Amino acid sequence: MYKSIYLKKGKEESLKRFHPWIFSGAIQHLDKGIEEGEVVRVMTASGEFIAVGHYQIGSIAVRVLSFSDVEIDHQFWCSRLRSALNMRTSIGIADNRNNNTYRLVHGEGDNLPGLVIDCYGPTAVMQAHSVGMHIERNAVGRALLEVMGDRIRHIYYKSETTLPFKADLGQENGFLYGGDDNNVATENGLRFYVDWLRGQKTGFFVDQRENRALLEQYAQGKSVLNMFCYTGGFSVYAMRGQAKLVHSVDSSAKAIELTKKNVELNFPGDNRHQAFCEDAFRYLDSNSQKYDLIILDPPAFAKHRAALHNALKGYTRLNVKGFEAIKQGGVLFTFSCSQVVTKDHFRNAIFTAAAQAGRKVRILHQLHQPADHPINIYHPEGEYLKGLVLYVE
């Protein structure tokens, strides 16, 4: 039987609304001997069961796995993974010959808080964001192989940078099952090298798939600037969309190398593309060229709420530069992946940037994360990706 955590009186209200987090300030006391990452039962102040989840030291003390009093065993993992797969299959994202790149598990959005699994062809890349999920990695891996059948033959575990450093878990990235050197995945018929060994996140930004496809529709005959290009995803789609030239910019030499490889993989010998290893602001300041189509997809400017004010100033400053670099009648794709930056925050930052740049701007599309990154309706914090497509006069 699992040890128990007892809440302060009245602190179960959010759990009655199925919110999957319990904050440390809501806890009255714990059974003796509970260790970080352990599965615990959560009890109200009056001793009634309300949830079961992973305990962790920190602000979020429990991540809820179930609001039923169930055992967290092989059957539980299989059931949750099967539910995640069924959803992706029903909406046509899994088992798609034209696209073998998708997110299978999106944390709270799939009722598996602290767990991310991205699929790249026969390889699944698993990432733990909680100590509990790290401890369960092999159990999750066994269930994943059972549920996915012949879809998955390799599982790569990549959590060195996502787990709390204070936990001192000695975690190492590596294959839990199999071992695959073929790291080319297909997205909407285009091929990409996925750097799951050293790349950011699980090696590729799966969440921009639909937004990249939208950009392709706007690219014909356009001069395109892809800032913070990383793997060059937007650049490759622009190339297929018949852009007349594409410039990719990133401050990371590894990112520029990967972008060049991905362009060459899809468009060998095509001289429409150039890549520049340079700081984004420095490039925009020093380059007088104007573009028809610009993508601003920076890394998260705010990892936590305390950084919000500076982040919004950063988004405003960056987008002023974008507005200054775009031709009359151009289209700007601009994004924020900071969870603490709301849609209203982001839109106000872009409004301020447009006013400072003195440009007339119309919103063509409001963008967000794709369907394989679902938002649990009881966990609105799961909505993190915001984007606007703007027509700039």
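**Exercise 1.** In this predicted model, find the sense in which strand 1 and strand 3 pair, and the number of bridges.

*Solution.* Start with strand 1, residues 3-7. Its pairing with strand 3 is antiparallel. Three bridges hold the match. For a residue-level check, take Leu7: its bridge partner in strand 3 is Ile27.

**Exercise 2.** Place these strands in their sheet and name the edge strands.

*Solution.* The sheet is open and has six strands. Read across, the order is 2-6-5-4-1-3, with mixed pairing. At the edges are strand 2 (21-23) and strand 3 (27-30), each of which pairs on one side only. From one strand to the next, the twist averages 35°.

**Exercise 3.** Trace the sheet of seven strands and explain why one side of strand 16 and of strand 19 is left without a neighbour.

*Solution.* Write down the order: 16-15-14-17-18-20-19. This sheet is open and its pairing is mixed. Strand 16 (273-277) and strand 19 (361-368) stand at the edges. Each has a single partner strand, so one side lacks a neighbour in the sheet. The twist here averages 15° from one strand to the next.

**Exercise 4.** Describe how strand 19 joins strand 20.

*Solution.* Strand 20 covers residues 386-392. The two strands run antiparallel, and seven bridges join them. Val361 stands opposite Val392 of strand 20.

**Exercise 5.** Which strands does helix 9 lie across, and at what angle does it run to strand 18?

*Solution.* Locate helix 9 at residues 308-324. It lies across strand 17 (291-296), strand 18 (326-336), strand 19 and strand 20. Against strand 18, helix 9 runs at about 155°.

Note on methods. Residues are numbered from 1 along each chain as its sequence is written. This is a predicted model: local features need pLDDT of at least 70, side-chain atom pairs count only at pLDDT 80 or more; totals for chains, interfaces and linings use all residues. Side-chain values use heavy atoms; hydrogens and water are left out. Two strands pair if DSSP finds at least two bridges between them. Helices (H or I, at least four residues) and strands (E, at least two) are DSSP runs, numbered from the N terminus. Axes are lines fitted to C-alpha atoms, for helices over the stretch in contact, and angles run from 0 to 180 degrees between N-to-C directions. Contact means heavy atoms within 4.5 Å.
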